[in-house]
Amino acid sequence: TPDLALSRSTHLTAGESLHITDSLSLDVVAFDKRMKDLVVRSRLANPLLARLLTQNGEGHSYGVQFLLRQELWRGFFGWASYAISKSERRFEGDESWRPFDFDQPHVLSLVASQEIGRWGIGARFRFVSGNPRTPVVGSVYDARSDRFDPVFGPQNTLRIPSFWQLDLRVDRSFPIGERLR
């Protein structure tokens with residue numbers, strides 16, 4: 001689409017860091033982002049190919065993140081992070097908002113690592129809310145191509161299941177010289 005220009009946004013972030021001990025800290029960050037001139041599909045029934053996209057969208061994202069971090073202490077380090085947020089968009093002037101395609105309201109991460117002599121063990125756990133999806137509510141048969149085309153329901157009104165991941169690590173270091181291992 002030749003007439004598309006840059007989207008605009010305003011970001012606001014505020015945070016605080018609290019040092020609980022010399023090696024343990026807690027960070028809290030709140031954020032707000034307002035977006036204008038987002039690219040959206042034209043609402044016309046049969047737009048010209050070069051006018052399929054317009055810049056009539058707007059959006060906002062906001063939330064807060066907590067980070068508890070233990071710096072290296074007696075061979076141990078780790079952190080726990082949790083973010084709660086919301087990301088929505090709409091056509092300018094519409095009353096209803098819908099989730100952004102990658103809106104993830106809950107994100108939790110836990111990381112821990114311990115060194116024991118030349119050995120190291122560690123783990124990482126992540127949990128993320130499922131992304132929004134648009135439901136398929138039916139289908140239409142296209143005889144020309146001999147296929148069924150989906151009929152979609154309201155955009156991004158479902159979520160895929162939440163995602164979680166657990167990674168485990170065991171390692172051993174070997175000296176390669178005085179300063180290398």
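1. S85 and its surroundings. In this predicted model, S85 is placed in strand 4, which covers residues 76-91. Its relative accessibility is 18%, and S85 therefore counts as buried, the limit for that class being under 20%. The side chain of S85 reaches the backbone oxygen of Q104 at a distance of 3.4 Å. Once neighbours within four places in sequence are set aside, the residues in contact with S85 are F31, Y62, G63, D103, Q104 and P105, and Q104 thus appears both in this contact list and as the residue whose backbone oxygen the serine side chain reaches.

2. Salt bridges, and the pair R8 and D37. A search of the whole structure yields 11 salt bridges. One of them joins R8 to D37, with 2.9 Å between the closest N and O atoms. Because R8 belongs to strand 1 (residues 8-19) and D37 to strand 2 (residues 24-41), this pair ties together parts that lie 29 residues apart in sequence. The two partners fall into separate accessibility classes: R8 has a relative accessible area of 53% and is exposed, whereas D37, with 21%, is partly exposed. A reader who works with these classes may note that the value for D37 lies above the 20% under which a residue would count as buried.

3. The pair R34 and D32. A salt bridge also brings together the side chains of R34 and D32, at 3.0 Å from N to O. Here both partners are partly exposed, R34 having a relative accessibility of 43% and D32 a relative accessible area of 22%.

4. K36, E58 and a shared network. K36 forms a salt bridge with E58, and the closest N and O atoms of this pair are 3.2 Å apart. The link is between distant parts of the chain, since K36 sits in strand 2 and E58 in strand 3 (residues 53-73), with their positions 22 residues apart. K36 counts as partly exposed at 36% relative accessibility, while E58, at 10%, counts as buried. Through salt bridges that share partners, K36, E58 and R90 are joined into one network, and the buried residue E58 is therefore to be read as a member of that network and not merely as one half of a pair.

5. Aromatic pairs. The count of aromatic pairs comes to 2. For the rings of Y141 and F148, the centres are 5.0 Å apart and the planes stand at 55°, so this pair is classed as tilted; an angle over 60 degrees would be needed for the edge-to-face class. Neither ring belongs to a buried residue, because Y141 is partly exposed, with a relative accessible area of 42%, and F148 counts as exposed, at 58% relative accessibility.

6. A nonpolar surface patch. On the surface, L4, V39, L49, L52 and L53 form a nonpolar patch, and together these residues have about 390 Å² of accessible area. Among them, L53 lies in strand 3, the strand that also holds E58. L53 counts as partly exposed at 31% relative accessibility, and membership of a patch requires over 30%, so a colleague who reuses this patch should be aware of how these two values compare.

Key:
Residues numbered from 1 in each chain as written. Predicted model: local features only at pLDDT ≥ 70, side-chain atom pairs only at ≥ 80, totals over all residues. Heavy atoms only, no water. Helix = DSSP H or I, 4+ residues; strand = E, 2+ residues; numbered from the N terminus. Buried < 20%, exposed > 50% of the residue type's maximum accessible area, 1.4 Å probe, protein only. Polar contact = N/O pair within 3.5 Å; in protein donor to acceptor, adjacent residues only side chain to side chain. Contact = heavy atoms within 4.5 Å. Phe/Tyr/Trp six-rings, centres within 6.5 Å; stacked < 30°, edge-to-face > 60°. Salt bridge = Lys/Arg side-chain N within 4 Å of Asp/Glu carboxyl O. Patch = residues over 30% accessible without salt bridge, like charges linked within 9 Å, V, L, I, M, F, W, Y side chains within 5 Å. Areas by Shrake-Rupley, 256 points an atom, 1.4 Å probe, with all protein chains shown as cover.
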